Amino acid sequence: MEEKLDMSSTEIIVIGGSSGSLDVVLKIISSVKKDIAVALVIVLHRKTTTDSALSELLAIRSVAPVKEVEDKDPVLAGNIYLAPSDYHLLFEKKHIFSLDDSEKINYSRPSIDVTFESAAEAYGATVSAILLSGSNADGTEGLLAIHAQGGVTIVQDPETAGFPYMPQQAILNAPVDYQMNVSEMIEYINNK
Amino acid sequence: MIQDEEVEVLINDLFELYGYDFTGYSKASIKRRINRLFILDSFPSFAEFRYRLKFDSTYLKRFVEEITVNVTEMFRDPLFYKTLREEVIPTIGTKPFIRIWHAGCSSGEEVFSMAVLLHEANLLHKSLIYATDINPNVLEKARKGIFPLSQMKQYSENYILSGGKQDFSSYYTANYDRVKFDESFASRMIFSTHNLVCDNSFNEFDLILCRNVLIYFDVPLQNRVFELFDASLSNLSYLALGSKETMKFSGMSNHYRQLGKEKIWRKN
């Protein structure tokens with residue numbers, strides 16, 4: 001397990017969260033160092049109104065550049081990307097983003113499963129996925145896909161989650177490599 | 001789960017047998033759509049899926065309808081429509097005749113939204129809206145101007161946010177669970193199939209709207225479409241895209257100027 005944690009081959013970390021996850025994301029964002037060696041991609045369930053307020057909120061707190069994804073943006077290390085509301089966020093094998101406005105999955109668009117599954121396809125073993133607080137089961141299928149491709153699966157320790165259902169579902173139904181609290185997540189990201 | 005190579009096989013079949021060319025579609029997205037349909041229609045194997053697609057032309061219709069995404073709404077992104085209403089339409093309204101092209105119009109919700117804007121600017125009588133899509137089934141729906149009543153609350157809110165000041169329900173007649181928009185709107189629309197992948201420019205326009213279509217294409221195909229649009233736009237006319245789409249990878253963006261933060265570009 002420790003070996004897997006130390007492997008520096010990670011190219012991308014995808015974080016998915018729903019209810020109760022914004023606080024965690026804000027804490028992570030404000031502690032992530034500049035020039036992290038990976039691309040950090042955040043998928044949050046949020047209201048369907050298209051507002052860029054969230055990306056501005058994140059950008060203010062981060063020393064790393066924060067960007068709400070536009071279609072076909074390249075995925076670059078050192079950047080923090082936010083999935084836009086009302087689109088699914090996918091990855092092309094050439095490591096560029098694609099957006100997709102097809103049906104909601106798990107009542108959600110963006111859906112965490114969609115992004116995790118796509119990251120698994122495009123990045124194989126070089127992706128780490130972190131599933132945060134939430135009150136539905138989005139993300140579990142995605143973690144299964146990440147694991148199947150040899151990537152690292154992490155969930156927020158349910159004890160520390162505002163809404164433990166989402167990480168609990170993942171622990172019950174998917175192989176989870178690590179359960180972490182927020183400071184462990186920050187350390188994990190910054191040491192990549 | 002359908003693998004990459006199998007996706008290529010299907011794309012190849014579709015082109016050879018039916019002339020549908022999906023090679024320039026976003027691989028991530030089309031693979032997801034194909035897998036979704038594979039599961040939805042409970043095929044026991046890829047071979048059966050392929051066989052059905054090759055030999056059952058009614059299934060081809062379903063395939064194209066399900067693979068292409070037809071999510072749309074009236075006055076989608078209301079602030080975008082506000083900009084159209086306040087900046088774009090008054091400008092093109094000075095022309096003696098207005099030609100607008102909705103490329104990838106799906107079931108027509110945005111086409112009728114545009115017609116409402118033109119009507120309110122007192123320009124509908126001298127406007128013609130060409131509405132095209134790859135998928136003949138959705139065009140058939142669009143042509144009728146009939147939409148679910150259940151959506152109207154949302155659409156009415158969008159309309160108000162877009163700067164609409166009329167009673168939105170005055171534009172349609174409700175009947176059971178559906179509404180039909182006034183015939184005067186559809187009378188200024190021309191519906192036709194058009195495939196952005198292979199068909200050419202067919203007119204010159206003052207405004208082209210292509211919203212949330214290019215996201216399903218890879219960059220080379222997007223560039224092909226931008227060239228097609230460029231050839232179909234007169235100087236000082238407008239191109240409008242979806243809220244997360246951009247011209248910036250097209251190499252054409254220096255011939256266009258973006259209107260503030262909205263996804264509307266004006267040709268120099």
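Author: A cavity is a set of points on a 1 Å grid over the protein atoms alone where a 1.4 Å probe fits but cannot get out; its lining residues have an atom within 4 Å of a point. This is a predicted model, where local features need pLDDT of at least 70, side-chain atom pairs count only at pLDDT 80 or more, and totals for chains, interfaces and linings use all residues. Residues are numbered from 1 along each chain as its sequence is written, chains are lettered from A and ligands numbered from 1 in the order in which they are written, and side-chain values use heavy atoms, with hydrogens and water left out.

Reader: How many cavities of 30 Å³ or more does the structure hold, and how much space lies in the largest?

Author: The structure holds 1 cavity of 30 Å³ or more. Its volume is the space filled by probe spheres set on the points. That space is about 440 Å³.

Reader: Which residues are closest to the centre of the largest cavity?

Author: The lining counts 33 residues. Closest to the centre are B:Val69, B:Gly104, B:Asp133, B:Asn212 and B:Val213.

Reader: Which element gives the most to that lining?

Author: Helices (DSSP H or I, at least four residues) and strands (E, at least two) are numbered from the N terminus. Strands S1 (98-103), S2 (127-133) and S7 (205-210) of chain B each supply at least two lining residues, as does helix H2 (27-40). With 3 residues, the most comes from H2(B).

Reader: What is the radius of gyration of chain B?

Author: Chain B has 10 helices and 10 strands. Taken over C-alpha atoms, the globule rule is 2.2 Å times the number of residues to the power 0.38. For 268 residues the rule gives 18 Å, so chain B is as compact as a globular protein of that length, with a radius of gyration of 19 Å.

Conventions. On a 1 Å grid over the protein atoms alone, a cavity is a set of points where a 1.4 Å probe fits but cannot get out, and a pocket is an open set with protein on both sides within 12 Å along at least five of seven lines; lining residues have an atom within 4 Å of a point.
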